[in-house]
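Colleague: I am new to this structure and should like to go through it by question and answer. May we begin with the surroundings of the ligand?

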Amino acid sequence: MSVLREDFLWGGAVAANQCEGAWNADGKGPSVPDMCTNGSAKEAKWVTTEIRPDRLYPSHEAIDFYHRYEEDISLFAEMGFRCFRLSINWTRIFPTGMETEPNEKGLEYYDRVFDCCRKYGIEPLVTISHYELPYALVERYNGWESRELIDCYVRYARTLFDRYHGKVKYWLTFNEINSSVVPLGAVVNTGTIRGFEGPVSALPDKKQERFQALHHMFLASALAVKYAHDHYPGLLIGDMNLFSVSYPLSPDPDDVLKNQQNMNMNNWFCSDIQVRGAYPFYAKRFFEENGITIRKEAGDEEILKEGTVDFYTFSYYMSTCITAKNDAAAAGGNIISGVPNPYLKSSDWGWQIDPKGLRFSLNEIYSRYGLPMMVVENGLGAYDQKGEDGVVHDSYRIDYLRQHIEQMKEAVRDGVDLMGYTPWGCIDLVSATTGEMAKRYGFIYVNKFDDGTGDLTREKKESFWWYQKVIRSNGEEL
Ligand code: BG6
């Protein structure tokens with residue numbers, strides 16, 4: 001008997017804008033990431049208001065999954081995937097986000113992708129919106145700041161449910177919705193960047209806009225969930241959070257309290273609304289102290305109540321520490337972060353590696369909500385080098401994943417209900433925060449480099465064979 005359930009959803013995860021490429025093929029419109037240049041660990045990527053011929057836009061070709069999905073999914077099948085988390089590029093279906101009729105060519109493309117998954121017995125897990133807002137909605141409405149976007153999103157989500165309900169059972173409404181609480185969230189999630197051109201590190205911190213935008217995203221998510229439940233009762237719809245678990249840097253009660261506030265607004269705020277159906281009590285004081293006033297309409301509260309999710313999902317890469325001392329140096333991290341933890345080592349991008357934090361997080365989340373959970377992103381972004389035999393021997397990645405799976409199993413022994421695990425970037429793809437190719441996560445190496453060169457061929461890394469063994473043994477052979 002294995003620790004994990006027999007139908008455990010082993011797989012991997014990608015996002016359309018980071019892998020598909022074909023950014024303007026078959027009627028697709030530009031999305032926010034299509035306006036983002038490449039950057040690096042040291043130099044922030046830019047958002048531009050127009051495509052600049054002298055800049056490189058990594059999403060435009062990415063790894064060309066658009067044309068190579070059959071080969072890629074067959075490799076996933078060879079590893080034994082039972083699940084593949086992917087997202088739909090909103091602008092393939094509604095190029096500006098404002099059309100009333102969808103683009104049939106875009107719909108047909110995802111039909112082919114889902115059919116290919118099904119051919120191999122792979123269950124698709126679909127993120128409706130993964131950092132891929134139509135750029136036209138930024139120009140016209142300043143993104144989610146406008147209530148108009150609710151209708152645009154609901155039209156898009158309904159189109160997807162109506163078309164694919166027979167092929168896709170598991171859905172997530174927004175990727176890492178809580179990244180919207182920090183300034184970078186304006187680019188990746190809320191799209192509240194009208195007229196902004198410059199490095200993403202220079203984004204102004206417009207909390208009022210982002211929290212208003214979030215209110216609209218909560219409503220849109222709830223309406224989509226309700227529509228799916230009313231029309232297709234077999235579907236399961238989840239939320240998706242960037243779980244950036246934090247510990248108090250010291251037992252100083254000031255650090256402990258500060259960490260509690262941090263956990264509330266950064267990690268729990270969005271899921272409290274999406275799981276429990278109402279704004280949590282602690283938001284009131286945060287809004288008051290930050291000069292935020294959310295414009296709501298009659299009926300909004302009912303909508304939130306009626307559209308709660310069926311399961312909870314999250315990304316987990318790292319943990320961080322929080323202190324009340326203002327002069328503490330910041331740690332690197334995945335969008336939301338704090339200060340360094342003296343007990344942990346970091347990745348080459350400064351993300352603090354903490355497998356036990358995953359066990360801790362799973363327990364915390366499960367005791368709060370009691371819903372089935374899924375880890376839909378986890379992994380090590382690293383510089384990969386080929387060995388003399390031409391193969392990437394990524395023992396560092398295997399170690400990272402092994403330690404996290406061990407802790408996942410510990411959490412299951414603790415009693416949490418875990419449905420599955422889809423490590424991030426199961427095939428190398430463009431980094432979301434830096435736009436690099438050099439930050440690789442995959443079990444499959446892609447010959448594509450930061451300067452845009454490379455023949456895009458796919459090669460198995462050592463971790464490919466390791467993960468195949470893990471899945472075959474349902475997590476017993478690590
Ligand atoms: C998550 C995102 O924040 O982390 C992904 O959902 C992203 O889109 C992943 O790629 C890893 O981050 P990065 O910056 O290393 O690509």
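Colleague: How many nonpolar, polar and charged residues are in the shell around the ligand?

Modeller: This is a predicted model. In it, 15 residues surround the ligand, and the closest include Gln18, Glu176 and Ala432. By class, the shell divides into six nonpolar, six polar and three charged residues.

Colleague: How far is a polar side-chain atom of tyrosine 441 from an oxygen atom of the ligand?

Modeller: Several side chains place polar atoms beside ligand oxygens. For asparagine 175, a side-chain N or O atom is 2.9 Å from an oxygen atom of the ligand, and for glutamate 377 the distance from a polar side-chain atom to a ligand oxygen is 2.7 Å. For tyrosine 441, the corresponding distance is 2.5 Å.

Colleague: What percentage of the ligand's accessible area does the protein cover?

Modeller: On its own, the ligand has 370 Å² of accessible area. The share of this area that the protein covers is 100%.

Colleague: Turning to the whole chain, what is its radius of gyration, and which value would a compact globule have?

Modeller: The chain contains 14 helices and 14 strands, and its C-alpha trace spans about 60 × 55 × 50 Å along the principal axes. For 478 residues, a compact globule would have a radius of gyration near 23 Å. The value for the chain agrees with this, at 21 Å.

Colleague: What percentage of the residues in the chain are buried?

Modeller: Contacts and burial may be taken together here. Of the contacts between residues at least 6 apart in sequence, 74% join residues at least 24 apart. Of the 478 residues in the chain, the buried share is 61%.

Colleague: Why is phenylalanine 84 classed as buried or exposed, and what is its relative accessible area?

Modeller: Phenylalanine 84 lies in strand 3, residues 83-87. Its contacts beyond four places in sequence include Gly12, Phe65, Cys117, Leu125 and Cys426. The cut-off for a buried residue is under 20% relative accessible area. Phenylalanine 84 is therefore classed as buried, because its relative accessible area is 0%.

Colleague: How far apart in space are phenylalanine 84 and valine 126?

Modeller: In sequence, phenylalanine 84 and valine 126 are 42 residues apart. Their separation in space, C-alpha to C-alpha, is 8.3 Å.

Colleague: With the side chain of which residue does the side chain of threonine 192 make a polar contact?

Modeller: Threonine 192 is found in the loop between helix 7 (185-190) and strand 6 (198-199). Threonine 192 is buried, with a relative accessible area of 8%, and among the residues it touches are Asn142, Glu145 and Arg210. Its side chain makes a polar contact of 2.8 Å with the side chain of threonine 190.

Colleague: Is alanine 329 buried or exposed?

Modeller: Alanine 329 belongs to the loop between strand 10 (320-322) and helix 12 (355-369). Not counting residues up to four places away in sequence, it touches Gly338, Val339 and Pro340. An exposed residue has over 50% relative accessible area. Alanine 329 has 55%, so it is exposed.

Colleague: Which residue just after helix 14 takes a positive phi?

Modeller: Helix 14 covers residues 462-472, and its buried residues include Phe464, Trp466 and Tyr467. Among the elements that cover the buried residues of helix 14 are strand 1 (9-13), helix 2 (65-79) and helix 13 (395-414). Just after this helix, a positive phi of about 50° is taken by asparagine 474.

Notes. Residues are numbered from 1 along each chain as its sequence is written. This is a predicted model: local features need pLDDT of at least 70, side-chain atom pairs count only at pLDDT 80 or more; totals for chains, interfaces and linings use all residues. Side-chain values use heavy atoms; hydrogens and water are left out. Helices (H or I, at least four residues) and strands (E, at least two) are DSSP runs, numbered from the N terminus. Buried means under 20% relative accessible area, exposed over 50%, partly exposed in between (1.4 Å probe, protein chains only). Contact means heavy atoms within 4.5 Å. A residue is near a molecule or strand if one of its heavy atoms lies within 4 Å of it. A polar contact is a pair of N or O atoms within 3.5 Å; within protein, one must be able to donate a hydrogen and the other to accept it, and residues adjacent in sequence count only if both atoms are side-chain atoms. Accessible areas come from the Shrake-Rupley method with a 1.4 Å probe; for residues, only the protein chains shown count as cover. Ala, Val, Leu, Ile, Met, Phe, Trp, Tyr, Cys and Pro count as nonpolar, Asp, Glu, Lys and Arg as charged, and the others, Gly among them, as polar. The radius of gyration is taken over C-alpha atoms; the globule rule is 2.2 Å times the number of residues to the power 0.38.
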